[in-house]
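Trainee: I am new to this structure and would be grateful for a close look at a single part. Please choose one helix and follow its contacts outward.

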Amino acid sequence: GGGGQGLRLYAAATAGAEEARGSAPPPRSAFHYFLDIQTRWKDNDWFGHVNNAVYYSWADTVVNEHLARQCSYDPAEAEAIALVVHSSCHYFAPVSFPAVVAAGLRVARLGNSSVTYEVGFFEGSSKNVVGTVPHASAQNNPSSSSSASFSSSSSSSSSSSSSSSSSSTPPFSSSSSSNTNSNTTAIALASFVHEFVGRHDRRPTAIPRAIRPRLDRLT
């Protein structure tokens, strides 16, 4: 029945997330698409660092920014819509306002109707990473507060801290922009699964052909 199908979909979707648990934080070089996100004052919680729930919003943002800008995907008009069936996040180190966080996006599993994304979060702008080239849409929108980029090669050197997180890190922050490791390895790793379904029947359907090649680039 429908319940059994739902359980099977959930089990398949969470396979990538199970493998990620307990693993070491991945390096920036493991990701090839980045979106810079400016932390906000309200992101900090009582403990003086960005609250764990905020990372889910960041993952949602970079996944859908990529679909909109790189895949020309419009969920308001598409026959196949992408629903979130699973999300999780593993935390390695804290970060605090006013740091800039680079959200790195990759595809861990590309199925017929579902895609499992992994989003690595790094302290410091992706613009400071060697081998990163500007995203076309970011060039067309220079006034945008967040910008995306593709990494054309792996960085073998330590990235520089972003100017917004170097000298202005608040005293309550438990992370340090002078800590090279915090800039080259992930402070958190999220798993985010989209299941494509028909707009009207909500049954699994193949990933649209116009989108699939773009997702394949992130594997």
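Mentor: What follows is an account of one helix and of the aromatic residues and a loop residue considered with it. Please bear in mind throughout that the model is predicted.

The helix is α3, which covers residues 54-69. Its 16 residues, at 1.5 Å a residue, should span 22 Å, and the end C-alpha atoms are indeed 22 Å apart, so the expected and modelled spans agree. The buried residues of α3 are Val54, Tyr55, Trp58, Ala59, Val62, Val63, Glu65, His66 and Leu67. In an α-helix there are 3.6 residues a turn, so residues three or four places apart point the same way.

Two of these buried residues, Tyr55 and Trp58, belong to one aromatic cluster together with Tyr91 and Phe121. Aromatic pairs in the model come to 9 by count. One of them joins Tyr117 and Phe192, whose rings are 6.4 Å apart centre to centre with 55° between the planes, a tilted arrangement. Tyr117 belongs to strand β4 (residues 114-123) and Phe192 to strand β7 (residues 188-198), so this pair ties together parts that are 75 residues apart in sequence. Tyr117 and Phe192 are both buried.

The loop residue is Ser96, found between β2 (80-91) and β3 (100-110). Ser96 has a relative accessibility of 3% and therefore counts as buried, the cut-off being under 20%. A polar atom of the Ser96 side chain lies 2.7 Å from the backbone oxygen of Gly48.

Terms used
Residues numbered from 1 in each chain as written. Predicted model: local features only at pLDDT ≥ 70, side-chain atom pairs only at ≥ 80, totals over all residues. Heavy atoms only, no water. Helix = DSSP H or I, 4+ residues; strand = E, 2+ residues; numbered from the N terminus. Expected span 1.5 Å × (residues − 1). Buried < 20%, exposed > 50% of the residue type's maximum accessible area, 1.4 Å probe, protein only. Phe/Tyr/Trp six-rings, centres within 6.5 Å; stacked < 30°, edge-to-face > 60°. Polar contact = N/O pair within 3.5 Å; in protein donor to acceptor, adjacent residues only side chain to side chain.
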